[in-house]
Amino acid sequence: MIARTAHFVWRITYARYIMASGAALAADLSLFFTMMHMNADPVAAAVTGYCAGLIVHWMISSRLVFREFVRPFAAQRRKQKALFVASTLVGLALTTLIVGMSDTTGLDPRIAKLIACGVSFQATYLLRRKVVFA
């Protein structure tokens, strides 16, 4: 019974995380594609879009996805925000690496960005679930 309940809660949390990620991805890709249309450097566009998505993701994650795990006291919450940013830096590093490698391999940076979105999604979810909002 406890295992079944825990699994159900995990699935609901994951579903909310997917929705939060969708909103963050919309902000990220909107800015990325706008910058690419303006002939910006692909890596700079990827980093800028990712940072915009970070802000959207924190707002949604801390209020809707992991709300029961957000720390109530200022010092604890600052630590949690720092861990959230650290998890984002892991995702940002993966995104930068993947989009940056697209330049050397001849892969379209837009396709590389989409690949990077999937890779960083899984990495940041695991970090946030197991470390940030544990």
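Which helices each supply at least two residues of the lining of the largest pocket? Keep that in mind as you open this predicted model, and let us start there.

**Stop 1: the pocket**

Select α1, α2, α3 (74–105) and α4, since each of these supplies at least two residues of the lining of the largest pocket. Now colour α4 on its own: with seven residues, α4 gives the most to that lining. The lining has 19 residues, and to find the middle of the pocket, show Ser21, Ala24, Tyr50, His57 and Ser120, which lie nearest its centre. The space inside comes to about 290 Å³. If you colour the lining by class, you will see seven nonpolar, nine polar and three charged residues.

**Stop 2: the nonpolar core**

Next, select Tyr14, Tyr17, Ala20, Trp58, Val65, Phe66, Val70, Phe84, Phe121, Tyr125, Val132 and Phe133. These 12 residues make up the largest nonpolar core. Two or more of its residues come from each of α1, α2 and α4 (109–132). A second, separate core has nine residues, including Met35, Met36, Ala45 and Ala112. In soluble globular proteins, nonpolar side chains tend to be buried together.

Zoom in on Val65 in the largest core. Beyond its neighbours within four places in sequence, Val65 is in contact with Thr13, Arg16, Tyr17, Ala20 and Ile60.

**Stop 3: the salt bridges**

How many salt bridges does a search of the whole structure find? There are two, so show both pairs as sticks. For one of them, pick Asp28 and Lys113, whose side chains meet at 2.9 Å, N to O. This pair links distant parts of the chain, with Asp28 in helix α1 and Lys113 in helix α4, 85 residues apart. Are these two buried or exposed? Both Asp28 and Lys113 are buried.

For the other, pick Asp108 and Arg110, whose side chains meet in a salt bridge at 3.6 Å, N to O. Asp108 counts as partly exposed because its relative accessibility is 29%, and Arg110 counts as partly exposed at 36%.

**Stop 4: a residue in a loop**

Finally, select Asn39, in the loop between α1 (2–37) and α2 (42–65). Its phi is near 65 degrees, a positive value in a residue other than glycine. Most residues other than glycine have a negative phi. With a relative accessible area of 70%, Asn39 is exposed, because exposed means over 50%.

Methods: Residues are numbered from 1 along each chain as its sequence is written. This is a predicted model: local features need pLDDT of at least 70, side-chain atom pairs count only at pLDDT 80 or more; totals for chains, interfaces and linings use all residues. Side-chain values use heavy atoms; hydrogens and water are left out. Helices (H or I, at least four residues) and strands (E, at least two) are DSSP runs, numbered from the N terminus. Buried means under 20% relative accessible area, exposed over 50%, partly exposed in between (1.4 Å probe, protein chains only). A nonpolar core is a set of buried Ala, Val, Leu, Ile, Met, Phe, Trp, Tyr and Cys residues joined through side-chain atoms within 4.5 Å. Contact means heavy atoms within 4.5 Å. On a 1 Å grid over the protein atoms alone, a cavity is a set of points where a 1.4 Å probe fits but cannot get out, and a pocket is an open set with protein on both sides within 12 Å along at least five of seven lines; lining residues have an atom within 4 Å of a point. Grid points are joined across faces, edges and corners, and a volume is the space filled by probe spheres set on the points. Ala, Val, Leu, Ile, Met, Phe, Trp, Tyr, Cys and Pro count as nonpolar, Asp, Glu, Lys and Arg as charged, and the others, Gly among them, as polar. A salt bridge is a side-chain nitrogen of Lys or Arg within 4 Å of a carboxyl oxygen of Asp or Glu.
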